[in-house]
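Biologist: Could you take a close look at one part for me, the small chain, and then walk outwards from there into its partner? Keep it chatty, but stay with what the model shows.

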Amino acid sequence: MVLITPDMEQKISFKLNGKTTVITTDPNQTLLWVLRNQLGLTGTKYGCGTGFCGSCTVLVNKEATRSCMLPVTDVEGKEVITIEGLGKGSRLHPLQQAFIDNDALQCGFCTPGMIMTAAAMLLKNPSVSREDIVKGLDENLCRCGAHPRIIDAVETAAKQMKGGK
Amino acid sequence: MRKNEITDAGTGKEKSSGMKRRSFVKILGGGIFVFFQPWDLSGIKDAALPQARSLTKDYNAFLHIAPDGTVSCITGKVELGQGIITSLAQVMADDLNVPMEKVKMVMGDTDLCPYDAGTWGSLTIRQFGPAMRAATAEAKGVLLDLASAQLGVPASRLEVKDGIVYDQQSPGKKVSYGQLAKGRKLEKYLDVKPSPEDYKLFSVIGKPLKRTDSRLKVTGEAKYTGDLTLPGMVYARILRPPSHFAKLRSVDFSGAEAVEGTQVLRDGDFIAVINVNKEKADEAVVKINAEYDFSEPNVNDETCYDRMTGADSGVNVMSSGGDLEAGRKLSDKLFESEFRDPYVAHAPIETHTALARMEGDKLTVWASTQTPFGLQDALASELKMPLEKVRVIAPFVGGGFGGKIAFQQGVEAARLTILAKKPVMLVWTREEEFFYDTFHPAGVYRIKSGIDNSGMIKYWDYKVFYGGTRGSEVIYDVPNFRRSSYSQKKGAAPIHPVLTGAWRAPNANSNAFARESQIDIMAAAAGIDPLEFRLKNLKDEKMIGCLKALAEKAGYVPAKGPSGRGFGISCGTDAGTWVAMLAEVNVDKNTGQIKVVKVTCSQDMGMCVNPHGTVMQIEGCVMMGLGYTLTEETLFEGGNVKTRGFDAYEIPRFSWMPKIETVIIDKMDQPPQGGGEPAIILVGASVANAVFDATGARLYRMPMTPARVLEALKMV
């Protein structure tokens, strides 16, 4: 007979897209699948599960983080922002608008990860150069070949955000 | 354009083409239907029964105006990122005078959409646009006729704004499209053969279109298959063999069953675990203890090429002219080269994914697929279910590139939902994606050629071994030539140890690499600038035009190779388009690293309907092309694919991005041709020629890894 020991569920509280969130969950999961399955935030994508493609990128305490590699317990007490929480209500974040304006996407699957990685970059350094953008996005993969447009979009957004300040 | 009469669907009068009423008409209920045929139907006409089964043999898309005023375009095509979801809706809104929010695209649903063979090839707005406009004009004509009758006003006096038809003389007299469609069921059938006039009309409204799906995609709202959820849904992971040739000998599930909430499903060798918790399923599947028997073919990524050339193959002469032996004798210099090209993966960022559900005796499968109807056929046949009990829906697809023409995951999810008796979500892991991909086939390309003392090509003997022949045309004016293809003999063991299939411009990449490298080799031996050598040996005016436009755009100064500048030229044709490309590279002679600094591309694609879209497609081709050129190679031993992650199989990155310049030759008086693939065919060839120009080293094998560059440098 096989003995099944139920795993202990654990309570985790953190700030998610601006709201205090408390969940009870299997602590052996990664943030990615808790976001997608338990919290219904499917904008954060599974692309490789090993941190190589960047499509699962979210902000954890303003740092771009690969949610497929992050145990959900690690966000305890921290602030998580996903693509769904980047804009303010129905108002898009300048990066989101710039991606639309520059046609910086095709299939769109890598897009949330691109935008979240760029958002963290711009939080750290609002005066990024084109070279900085290329370097900052180099670990994010796009297969459609939207690269030139994505760089244009981030550059546009960076200029706008600086101008707005 | 032949216009057909309005037929009242209520009479059930069938078209002579063998059309039968189908469920979508039932589902959509009443309204006005305009059927048309925007896509190339050749694939359907050749298809065997039951593929060519449906009523939509002749009409594979239609417009529907619903009683609530919603205007829908219904097509079995799928949105993969190529943007048809946008162009079609915008054209419809413009032509019918309805607001964009009243326009709905219904795509890739086998219950709602007429039969379509699949979304592939470079079939873009150029083909859909004119057919769509004709259908829209037809629909508008019907609506105006109906309004005229209802309002008692001649149609000539009617205007439409925001979906409301009104009398110009007394605007109070009005009726909406929705009201006109109410209580009616009208069907119209259009036979449209777009003429250049249609293209011109289309180009007038062909203003730069911003994607309508962008907002959904930048906010994370866009739903791909893996984002869907159903009550009671579980995640599945399938037990996979370590090799394509491994046979399951024994299996022990106890470890997997000990993982909380896990259920093991089995149907013969098809074994899977399911769990509500995705990562518990991941945990459980690796705890299955399975043993295998192996009968591996003795082949790997190094030996596969000799295996191809040494095999007892069937030979097909694709074309020939003149006399090869005479050509040899006329040549003062002879050349013989062998080029190699590996198995290349599609590697879309979204892995193959499917969600399956049984409700009573009806199966529904949502799948990331380029071929919803192909999957429907496969499901019906594998599960022995009637076609009408199987529905396939393709939501947004996260990249296809030909790889999602294959739909194994959809069949697997369906089998699992039947075993599990609950909805099953199957998301292939990245490892599974790289293992079960239908790779671009590896191949060997052998060329014997010769030139006379004036640098004219006299002789061209071209052989393709197992690699595919698209784009293998000679293109140059050679009096004595032959093109042969070597492939598997009937009944022989398969030469490819992995599955193979279509890729972006499948094998046109390989053929252009081989041909254009050989041309460059001959130009250098003749001591003639490679551009000049090409122009000298070409008679094709379009190709000459492309090369000249390229040289002008890039400010090319002739010099015989290797000039040390790192410039590489190539040219070719694909999807009806003529294309030429100049790559500029730096080669680090110590590390063997190639950096592509700049790519200039010229295209003669007939009328360019959307210059903005064309430039984007060229950029995409150049970026994706750098992958097969520099890094992408599937490594394997027997049936074991070793490159199963983005660490081992490297695809292009931002830091590789060269400066990209394009010139589209003005041919607005000619029908438009393909734009999605042509530029990708020349990236390998141009870079190989540029490496030679920079260093004198000739690369005969893709990808041009630093190790291979260093090896080639030793031969200089």
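**Chain A and its surroundings**

Modeller: Let's start at the front end of chain A, where strand 1 (residues 10–16) and strand 2 (residues 19–25) run antiparallel and are joined by seven bridges. Keep in mind that this is a predicted model. The two strands make a hairpin with two residues between them, and A:Asn17, sitting in the turn, has a positive phi of about 50°. Right by that turn, A:Leu16 has A:Lys19 of strand 2 as its bridge partner. Strand 1 of chain A has another pairing too: two bridges tie it to strand 5 (residues 79–81) of chain A, this time in the parallel sense. There you'll find A:Lys15 opposite A:Glu79 of strand 5.

Now zoom out to the whole of chain A. Its elements, read from the N terminus, go β-β-α-β-β-β-α-α-α-α, which gives five helices and five strands. The radius of gyration is 17 Å, close to the 15 Å from the globule rule for 165 residues, so chain A is as compact as a globular protein of that length. If you want its dimensions, the C-alpha trace spans about 60 × 35 × 25 Å along the principal axes. Of the 165 residues in chain A, 54% are buried. As for contacts with a separation of 6 or more, 59% of those in chain A link residues 24 or more positions apart.

Chain A also splits up: domain 1 covers 10–85 and domain 2 covers 94–164. Their centres, taken over C-alpha atoms, are 21 Å apart. Where the two touch, domain 1 of chain A puts in 14 residues and domain 2 of chain A puts in 13 residues. On the domain 1 side, the elements giving two or more residues are strand 3 (57–60) and strand 4 (63–66) of chain A. Strand 3 of chain A has the largest share of that side, with three residues.

Next, the partner. Chain A offers 49 residues and chain B 48 residues to the contact between them. On the chain B side, helix 7 (214–219), helix 8 (254–257), helix 9 (278–285) and helix 18 (611–630) each supply at least two residues. Helix 18 of chain B gives the most to that side, namely six residues.

Inside chain B there are a couple of sheets to look at. One is an open sheet of four strands in the order 25-26-27-30, with mixed pairing. Its edges are strand 25 (567–574) and strand 30 (659–664) of chain B, each pairing on one side only. On average, neighbouring strands here are turned by 15° against each other, direction ignored. Strand 27 (residues 594–604) of chain B runs parallel to strand 30 of chain B, and six bridges join them. In that pairing, B:Cys601 stands opposite B:Thr662 of strand 30.

The loop between strand 29 (640–641) and strand 30 of chain B is where B:Asp647 sits. Having 11 C-beta neighbours inside 10 Å, B:Asp647 counts as exposed. Its C-alpha is 42 Å from that of B:Lys389, a residue 258 positions away along the chain.

The other sheet, also open and mixed, has five strands of chain B in the order 16-24-23-22-17. Strand 16 (314–321) and strand 17 (333–341) of chain B are its edge strands, each paired on one side only. From one strand to the next, the twist averages 10°. Strand 16 of chain B pairs with strand 24 (residues 480–487) of chain B over seven bridges in the antiparallel sense, and B:Gly321 stands opposite B:Phe481 of strand 24. Helix 15 (residues 508–526) of chain B packs on this sheet and touches strand 17, strand 22 (443–451) and strand 23 (457–465) of chain B. The direction of helix 15 makes about 150° with that of strand 17 of chain B.

One last stop is helix 19 (residues 683–695) of chain B. Its 13 residues reach 18 Å from first C-alpha to last, close to the 18 Å expected at 1.5 Å a residue. Here 13 of the 13 residues are buried, so helix 19 of chain B is largely enclosed by the rest of the structure. After helix 19 of chain B comes B:Gly696, with a positive phi near 85°.

Key. Residues numbered from 1 in each chain as written. Chains lettered and ligands numbered in written order. Predicted model: local features only at pLDDT ≥ 70, side-chain atom pairs only at ≥ 80, totals over all residues. Expected span 1.5 Å × (residues − 1). Buried ≥ 20, exposed ≤ 12 C-beta atoms within 10 Å, placed from the backbone. Pairing = 2+ DSSP bridges. Axes fitted to C-alpha atoms, helices over the stretch in contact; angles between N-to-C directions. Rg over C-alpha atoms; globule rule 2.2 N^0.38 Å. Contact = placed C-beta atoms within 7 Å. Domains from an automatic or database assignment.
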